[in-house]
Amino acid sequence: MYLNLPSLQYSYEDLEPYFDKLTMNIHHTKHHQTYINNANNIIKNLPELHNLSIENILNKLPKIKEKQRIPLINNIGGHLNHSIFWKGLTNKKTFLKGELKKYIKINFGNEKIFKKLFEKISMNHFGSGWTWLIKKDKKLFIKSIFNQNNPLMGEKISGTYGYPILCLDLWEHAYYLKYQNRRLDYINAFWNIVNWEEAEKRFNKI
Ligand code: MN
């Protein structure tokens, strides 16, 4: 109606053996679609949000009554986060390079140290949420954020603010069918299918 499920640039089986076909299918067509359906149902009753981009809806969040604001944050966040996540994955081999590589080196030391820190933060996150690589004022940092909150939602909601470069879904629905409790195996699998070209594009965008 207002928000639509984005199509993927790969098939559900293309990310095998790292992300399995069944999980990808359920994750995209059921989990992501449900966030969209719920968000659309809320937006339907808020005419001031009709025809706005997601970014503009986020800007209007403080003006929305709490009863609608919280479910809207959860569901529009679910839509936005998954949209960024899908584009950040690929079955093609891509490499960390260019300005993003340079800034990862400046901020973390090197790619290996960066990945270890990303893994550590992902492992230490208790409960549902996402790990984010975030850009703010030409600086990069990693932060895990609860539920479906997004760094673009700002300090008050997400505990931080910045532009998302790369993200990893830490909800169990993202990995439980294949990896069960082995979150670290899921994180390690993720590195094989990261779309570094997309991350670099996002880094150079702002
Ligand atoms: Mn998810």
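A helix, here, is a DSSP run of H or I with at least four residues, and helices are numbered from the N terminus. Keep that in mind, as names like α3 and α9 will keep turning up. One more thing before we start: what you're looking at is a predicted model.

**Two pockets**

Let's begin with the open spaces. The largest pocket holds about 240 Å³ of space. Its lining is made of Ser53, Ile54, Glu55, Leu80, Ser83, Ile84, Lys87, Leu152, Tyr163, Glu198, Arg202 and Lys205. Three elements give two or more residues each to this lining: α2 (54–60), α3 (66–87) and α9 (196–205). Which of them gives the largest share of the lining of the largest pocket? That's α3, with four residues. Sort the lining by class and you get five nonpolar, two polar and five charged residues. Tyr163 goes into the nonpolar group, because Tyr counts as nonpolar in this scheme.

The second largest pocket has about 150 Å³ of space. Around it you'll find Leu58, Leu61, Pro62, Arg69, Ile73, Met153, Lys156 and Ile157. Here α3 shows up again: α3 and α6 (155–158) each supply at least two residues of this lining. And how many nonpolar, polar and charged residues does the lining of the second largest pocket have? There are six nonpolar residues, no polar ones and two charged ones.

**Salt bridges**

Now for some charged partners. A search of the whole structure turns up six salt bridges. Among them are these:

| Side chains | Distance, N to O |
|---|---|
| Lys102 and Glu99 | 3.7 Å |
| Arg182 and Asp185 | 3.0 Å |
| Glu198 and Lys201 | 3.5 Å |

These distances pass the test because a salt bridge needs a side-chain nitrogen of Lys or Arg within 4 Å of a carboxyl oxygen of Asp or Glu.

Have a look at Lys102 and Glu99. Both sit in helix α4 (residues 98–108), three residues apart, so about one helical turn separates them. Lys102 is partly exposed, with a relative accessible area of 43%, and Glu99 is partly exposed too, at 32%.

Glu198 and Lys201 follow a similar plan in helix α9: they are three residues apart, so they too are about one helical turn from each other. But are these two partners buried or exposed? Glu198 has 9% relative accessibility and counts as buried, while Lys201 is exposed, with a relative accessible area of 53%. The label for Glu198 fits because buried means under 20% relative accessible area. You've met Glu198 before, by the way: it is one of the residues lining the largest pocket.

That leaves Arg182 and Asp185. Arg182 is partly exposed at 37% relative accessibility, and Asp185 is partly exposed with a relative accessible area of 36%.

**A nonpolar patch on the surface**

Charged residues aren't the whole story. Leu22, Ile26 and Leu177 make a nonpolar surface patch of about 260 Å². Ile26 belongs to helix α1 (residues 21–44), and its 30% relative accessibility makes it partly exposed.

**Backbone oddities**

Finally, let's follow the backbone. Most residues other than glycine have a negative phi, and most peptide bonds are trans. A few spots in this model are worth checking against that rule.

Where is Pro17 found? You'll see Pro17 in the segment before α1. The peptide bond from Glu16 to Pro17 is cis, with omega near 0 degrees.

Next comes Asn51, which sits in the loop between α1 and α2. Asn51 isn't a glycine, yet it has a positive phi of about 65 degrees. Asn51 is also exposed, with a relative accessible area of 76%.

Lys138 is another one to find. It lies in the loop between β1 (129–136) and β2 (139–146). Its phi is positive, near 65 degrees, in a residue other than glycine. How does Lys138 count by its accessible area: buried, partly exposed or exposed? With a relative accessible area of 48%, Lys138 is partly exposed. It misses the exposed label because that one needs over 50%.

Key:
Residues are numbered from 1 along each chain as its sequence is written. This is a predicted model: local features need pLDDT of at least 70, side-chain atom pairs count only at pLDDT 80 or more; totals for chains, interfaces and linings use all residues. Side-chain values use heavy atoms; hydrogens and water are left out. On a 1 Å grid over the protein atoms alone, a cavity is a set of points where a 1.4 Å probe fits but cannot get out, and a pocket is an open set with protein on both sides within 12 Å along at least five of seven lines; lining residues have an atom within 4 Å of a point. Grid points are joined across faces, edges and corners, and a volume is the space filled by probe spheres set on the points. Buried means under 20% relative accessible area, exposed over 50%, partly exposed in between (1.4 Å probe, protein chains only). Patches are made of residues with over 30% relative accessible area and no salt bridge: like charges are joined within 9 Å, nonpolar side chains (Val, Leu, Ile, Met, Phe, Trp, Tyr) within 5 Å. Accessible areas come from the Shrake-Rupley method with a 1.4 Å probe; for residues, only the protein chains shown count as cover.
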